[in-house]
Amino acid sequence: MSSTELPFVPPANVLPKVGGVRVAEGERLRSVELPGVTLTVRSRRPAREGLPPALYVHGLGGSSQNWSALMPLLDDVVESEALDLPGFGDSPPPDDGNYSVTGHARAVIRHLDAAGRGPVHLFGNSLGGAIATRVAAVRPDLVRTLTLVSPALPEIRVQRSAVPTGLLAVPGVAPLFTRLTREWTAEQRVRGVMALCYGNPERVTPEGFRNAVHEMERRLRLPYFWDAMARSARGIVNAYTLGGQQGLWRQAERVLAPTLLVYGGRDQLVSFRMAQKAARAFRDSRLVTLPDAGHVAMMEYPETVAMAFRELLDDAGGLGTRRAQRARGATCAVEPARGRVDAGEETVEEERTDESMGG
């Protein structure tokens, strides 16, 4: 085996059985067979029939469970599905071993085409944000609105705290890390991940921590766990180096869908300073900055993210005009998007951008 090759991963049909994934109240899981890939999809029953569909895409090392806190908060406005990307959660590896951003985007597109659910309200976090950006750029017919939480878009100066994650892309690092951390318990690993991804890990409930440890124990028994991590990390790095029409920033400029951008002030993986660049790149965008949030704002502050999405829907016509809402006696969750909005424990800063600011 050359130094650039990763270990062989057995086909999905001969992978060992491991414990089942957690399913929260109101959720259900199903397996979707597509050409070259099998996806596990987590869904919720909407409050009523006829609501527009939404699809959620997680980040590196995550799963559809990353959206379990947000989805029930939107049951009355969208019909929610969250997928496990190939090789993550409960989805087996892709048949071709392609973990590039394009490969993941292709899986998302295949699912939407096969299900006939498009156009959807598309959500993405971190790696999922890069994937969602590519989907929205190349298949605008599939996307109604785009919501990106700390999207993994190219940065020239990467934060030091993000370097270890990026090093997983280097051939040989994942096996070395596996050997060096062989004695680490699942609890130690989860605490490390939470310290990296959360602005304040103490916001995680004891039950949430136990669930995360159970999921970590399950994943570590999968023979392709580190392979999927390493190849997907390499996919992000490769996407950062692409120029021309395939560059992620160039594709961001091509997105037509109204876009909500959410950035955390304590994000250790995606720099907070990229928020303004993203707001200029996406032609019809709304920027929400959460000073106390880390990399997974939809898990730390799901109510705030849900409130911002409702405001996006309102502006896009998805919930009707504010005048109609007031006529029905409803109360708007968020006032007009300019200025500062009280979000309870923190202050949310919002900034509207439009096509005239596109870069």
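Buried means under 20% relative accessible area, and that cut-off will help us read the close-ups below. Keep in mind that this is a predicted model.

**View 1. Arg-286 and Glu-311 meet in a salt bridge.**
Let us start with a charged pair. The N to O distance between these two side chains is 4.0 Å. Is Arg-286 buried or exposed? Its relative accessible area is 0%, so Arg-286 is buried. Its partner Glu-311 counts as buried too, because its relative accessibility is 3%. Arg-286 belongs to strand β8 (residues 285-290) and Glu-311 to helix α11, so the salt bridge ties together parts that lie 25 residues apart in sequence.

**View 2. Helix α11 is mostly covered.**
Here we stay with the helix that carries Glu-311. Helix α11 runs over residues 302-316, and at 1.5 Å a residue its 15 residues should span 21 Å. The C-alpha atoms at its ends are 21 Å apart, which agrees. How many residues of α11 are buried? The count is 11 of 15, including Pro-302, Val-305, Met-307, Phe-309 and Leu-313. Just after the helix comes Gly-317, with a positive phi of about 90°.

**View 3. Strand β6 pairs with β5 and with β7.**
Six of the seven residues of strand β6 (residues 143-149) are buried. With strand β5 (residues 120-125), β6 pairs in the parallel sense over six bridges, and Phe-123 stands opposite Thr-147 in β6. To get from β5 to β6, the chain passes through helix α2, making a right-handed β-α-β crossover. Strand β7 (residues 259-264) also pairs with β6 in the parallel sense, over four bridges. Which residue of β7 is the bridge partner of Leu-148? It is Leu-261.

**View 4. The largest nonpolar core has 53 residues.**
In soluble globular proteins, nonpolar side chains tend to be buried together. The members of this core that touch the most others are Val-108, Leu-122, Ile-131, Leu-146 and Phe-282. Which helix gives the most to the core? Helix α2 (residues 127-138) does, with seven residues. Zooming in on Leu-122, its contacts beyond four places in sequence include Leu-55, Val-57, Ala-132, Val-135 and Leu-146. Another core, of 36 residues, lies apart from this one, and among its members are Val-213, Ala-297, Tyr-301 and Leu-312.

**View 5. Asp-75 forms a salt bridge with Arg-44.**
The closest N and O atoms of this pair are 3.0 Å apart. Where do the two residues sit? Asp-75 is in the loop between β3 (53-57) and β4 (79-84), while Arg-44 is in strand β2 (residues 37-44), so the pair links distant parts of the chain, 31 residues apart. Asp-75 counts as buried at 14% relative accessibility, and Arg-44 is buried with a relative accessible area of 14%.

**View 6. Arg-250 and Glu-253 form a salt bridge within helix α8.**
This time both partners come from one helix, α8 (residues 248-254). Why are they separated by about one helical turn? Because they are three residues apart in the helix. The closest N and O atoms are 3.9 Å apart. Arg-250 is partly exposed, with a relative accessible area of 37%, and Glu-253 counts as partly exposed at 25%.

**View 7. Asp-90, Glu-215, Arg-218 and Arg-219 are linked in a network of salt bridges.**
Side chains of opposite charge can pair when their charged atoms come close. A search of the whole structure finds 15 salt bridges.

Conventions
Residues numbered from 1 in each chain as written. Predicted model: local features only at pLDDT ≥ 70, side-chain atom pairs only at ≥ 80, totals over all residues. Heavy atoms only, no water. Expected span 1.5 Å × (residues − 1). Buried < 20%, exposed > 50% of the residue type's maximum accessible area, 1.4 Å probe, protein only. Core = buried A, V, L, I, M, F, W, Y, C linked by side-chain atoms within 4.5 Å. Contact = heavy atoms within 4.5 Å. Pairing = 2+ DSSP bridges. Right-handed = clockwise from strand over helix to strand, strands pointing away.
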